[in-house]
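Visitor: I've got a model open on my screen and I'd like a tour of its empty spaces. Can you walk me through?

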Amino acid sequence: MLVEAWLAARNEREQRERGGVEPAGDVYRIMRVAYPAAFAAMMAESAWDPSHSIWIAGLAVFAASKALKWWAVAALGRAWTFRVIVRPGVALVGGGPYRFVRHPNYVAIAGELTGLALMSGARLFGPLMTLTFCGLMLKRIVVEDRALELARRES
């Protein structure tokens, strides 16, 4: 997470310096708390009752999700950020996992949370936090798609 945070912050600065705009309505402020809170809640549940973990399956899902996320990060390059920052006139990325899925990074995040839920055996907080965060991501997708469409029209 620390490497991702460092990379996102560097890219956010660069995107803003190049005219990038952050659209209104993003749920980033909630997400930046909810994502680590999901990890903490699942790990706390695991510490309380570790008997339900499915380590191998969880690790496989988590590792595959991280691989998908880093493939998406590589495809976006310097445009990858935690925040939605759109630069008018810049074409959408259509390579890498974006050839197959519109929002592979969000699919990967859902997979990370699912994998952690399986690894930790978090039968309560696993589904609760994963579904909550997926709801936030769906709201974000609406904001992101609207901003990308507006930027496309302006170019």
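Guide: Happy to. A pocket here is an open set of grid points with protein on both sides within 12 Å along at least five of seven lines, and its volume is the space filled by probe spheres set on the points. Keep in mind that this is a predicted model.

Visitor: How much space lies in the largest pocket?
Guide: Start with who stands around the space: 25 residues line this pocket, and L76, A79, L92, E144 and L148 lie nearest its centre. The space they help enclose comes to about 660 Å³.

Visitor: Which helix gives the most to the lining of the largest pocket?
Guide: Two helices to look at are α4 (104-120) and α5 (125-154), which each supply at least two residues of that lining. The top contributor, with five residues, is α5.

Visitor: By class, what does the lining of the largest pocket have?
Guide: Residues such as Leu and Ala count as nonpolar, while Glu counts as charged. Sorted that way, the lining has six charged, four polar and 15 nonpolar residues.

Visitor: What volume does the second largest pocket have?
Guide: This one has 17 lining residues, with Y28, M31, Y35, F82 and F133 nearest the centre. By class they split into 11 nonpolar, two polar and four charged. The volume is about 340 Å³.

Visitor: And where does the largest share of the lining of the second largest pocket come from?
Guide: α1 (2-17), α2 (28-48), α4 and α5 each put in at least two residues. The largest share is five residues, and it comes from α2.

Technical notes. Residues numbered from 1 in each chain as written. Predicted model: local features only at pLDDT ≥ 70, side-chain atom pairs only at ≥ 80, totals over all residues. Heavy atoms only, no water. 1 Å grid on protein atoms, 1.4 Å probe; cavity = no way out; pocket = protein on both sides within 12 Å on 5 of 7 lines; lining within 4 Å. Helix = DSSP H or I, 4+ residues; strand = E, 2+ residues; numbered from the N terminus.
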